[in-house]
Amino acid sequence: MPHPHSPALTPHPFDPSTSSPSSTPRPLRFGYGTNGLADLRLDDALGLLADLGYDGVGLTLDHMHLDPFAPDLAARTRRLAQRLDVLGLSVTVETGARYVLDPRRKHGPSLLDPDPDDRARRVGLLIRAVQVAADLGAHAVHCFSGITPAGTDADTAWKRLAETLAPVLDAATRAGIPLAVEPEPGHLLATLADFHRLRRTLGDPQHLGLTLDIGHCQCLEPWSPAECVRAAAPWLRHVQIEDMRRGVHEHLPLGDGEIDFPAVLAALSTTGYQGLAVVELPRHSHAGPHFAELSLPFLRHAAAPSPRSTS
C-alpha cells in the first residue's frame, strides 16, 4: 500500500509491483557512518565499530578522517586498507563532508555551481574518491547533485549535472567502482524519479547506481520506504539508514521516527541487496559511540524473522 500520509498516487516511473524479489533472501550487512563519529580519530572509530560487531563503515572523506587533500593520500589509504582488513570491515566511500572543499560554504562548491572552476573542484574530489575507493576495495562511491544555485533554471542545472558527472563516471568505469548518486531533499536530484531522469540523460551507464537513503524515502517519496527499496533494487549500490518523519528532513535515531524497519529490511533482503546499510546520524556525532552501540542491536532485531514468518 502507498504511504498512509501520501496523496493519491500518479503513475510512477518505477513501480514496486514490477520488481522481482530474490528467490533466496540475503543476510544484511550493517555499517555506521564516520560522519556520525566526527569527534573520534578514524582508527578509534573503526576499532569501536569492529568491537560492536558492525560489518563495515561508511567512510566520509573529510579533514578529520582520511583527508583527501592532505599529503601522501595513497600511502595513508594503503594503511587504512590494511587496518580495515585486520578488523574485517567492509567500506563504502562517501563524499558528503560539509566543508572539505570550502570552509565557508556548506557542501560547496557543487556540481551545479555557475563557475566552471568551482564545478571542477567538486569533480576533482569525486575522482579522487573513486581512486580511494578502488584502493580500499570499496563497494561504491556516494555523491549527490547539490542545490540548484539562485538564478539557474532547471534545464541549465540538469545539463551541468550531466556534463560534470561524465568524467567522474569515466573514472568509475576505469576503476570498476559504482558511482552511487543519492537523491537528497532540497537538491536538484531530490527523488528517485530525478535519479531516473539523470540515468536516462546519461544513457543508462553501467557504473551509475543509486544511494538510497531510507529516511529520505519516508520524508518525501510517494511510496513507503519498503516499496522504494523494491522499486530501486536494480540500481541500488549503497544504502543509508536512519529514522525520519513524513515531510521533515531530520535524521533521527532508529526508533524515534515513523519508519517500519522490519518491512524495509525485509525488502532489502528479499531483493538481494549485497552492499552495506550504513547508519547515517551526522548531527548526533557528539554522542556517536552511544548511538553506534544502540543502532546495531536495533537493526538486528528488526531484521530478525518474526515468529509468524518462521512458523
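A pocket, as the word is used here, is an open set of grid points with protein on both sides within 12 Å along at least five of seven lines, and its lining residues have an atom within 4 Å of a point. With that in hand, let's look around this structure, which is a predicted model.

**The pockets**

The largest pocket holds about 840 Å³ of space. Its lining runs to 39 residues, and those nearest the centre are Gly96, Arg98, Lys106, His107 and Phe144. Sort that lining by class and you get 10 nonpolar, 17 polar and 12 charged residues. Strand β9 (residues 248–252) gives the most to it, with three residues.

The second largest pocket has a volume of about 260 Å³. It is lined by 16 residues, and Ala266, Ala302, Ala303, Ala304 and Pro305 sit closest to its centre. Here the lining divides into 11 nonpolar, three polar and two charged residues. Helices α8 (261–270) and α9 (288–303) each supply at least two lining residues, and the largest share, four residues, comes from α8.

**The cavities**

Now for the closed spaces. A search of the whole structure turns up two cavities of 30 Å³ or more.

The largest cavity is lined by Pro183, Ala190, Leu192, Thr211, Leu212, Asp213, His216, Cys217 and Glu221. Two elements give two or more residues to this lining, β6 (208–213) and α6 (214–220), and β6 gives the most, with three. By class, the lining of the largest cavity has five nonpolar, two polar and two charged residues.

Around the second largest cavity you'll find Thr95, Leu111, Arg122, Leu126, Cys143 and Phe144. Four of its lining residues are nonpolar, one is polar and one is charged. Phe144 has turned up before, as one of the residues nearest the centre of the largest pocket.

Here are the volumes side by side:

| Space | Volume |
|---|---|
| Largest pocket | about 840 Å³ |
| Second largest pocket | about 260 Å³ |
| Largest cavity | about 50 Å³ |
| Second largest cavity | about 40 Å³ |

**The core and helix α5**

The largest nonpolar core has 78 residues, and the ones touching the most other members are Tyr32, Val93, Leu161, Leu165 and Leu268. Helix α4 (residues 154–175) provides the largest share of this core, eight residues. Take Leu165: beyond its neighbours within four places in sequence, it is in contact with Leu111, Leu126, Cys143, Leu179, Val181 and Leu198. Among these partners, Leu111, Leu126 and Cys143 also line the second largest cavity.

Leu198 belongs to helix α5 (residues 192–201), whose buried residues are Leu192, Asp194, Phe195, His196, Leu198 and Arg199. What covers them includes α4, β5 (179–181), β6 and α7 (225–232). After α5 comes Gly203, with a positive phi near 85°. Leu192, at the other end of the story, also helps line the largest cavity.

**The cysteines**

How many disulfides does a search of the whole structure find? Zero.

Why is Cys219 not bonded to Cys217? The closest cysteine sulfur to that of Cys219 is in Cys217, 9.9 Å away, so the two are too far apart for a bond. Cys219 counts as buried, at 8% relative accessibility.

Cys228 is in no disulfide either, and the nearest cysteine sulfur, again that of Cys217, lies 3.8 Å away. A disulfide needs the two sulfur atoms within 2.5 Å. Cys228 is buried too, with a relative accessible area of 0%. As for Cys217, it is one of the residues lining the largest cavity.

Definitions and conventions. Residues numbered from 1 in each chain as written. Predicted model: local features only at pLDDT ≥ 70, side-chain atom pairs only at ≥ 80, totals over all residues. Heavy atoms only, no water. 1 Å grid on protein atoms, 1.4 Å probe; cavity = no way out; pocket = protein on both sides within 12 Å on 5 of 7 lines; lining within 4 Å. Points joined across faces, edges and corners; volume = space filled by probe spheres on them. Nonpolar A, V, L, I, M, F, W, Y, C, P; charged D, E, K, R; others polar. Core = buried A, V, L, I, M, F, W, Y, C linked by side-chain atoms within 4.5 Å. Buried < 20%, exposed > 50% of the residue type's maximum accessible area, 1.4 Å probe, protein only. Contact = heavy atoms within 4.5 Å.
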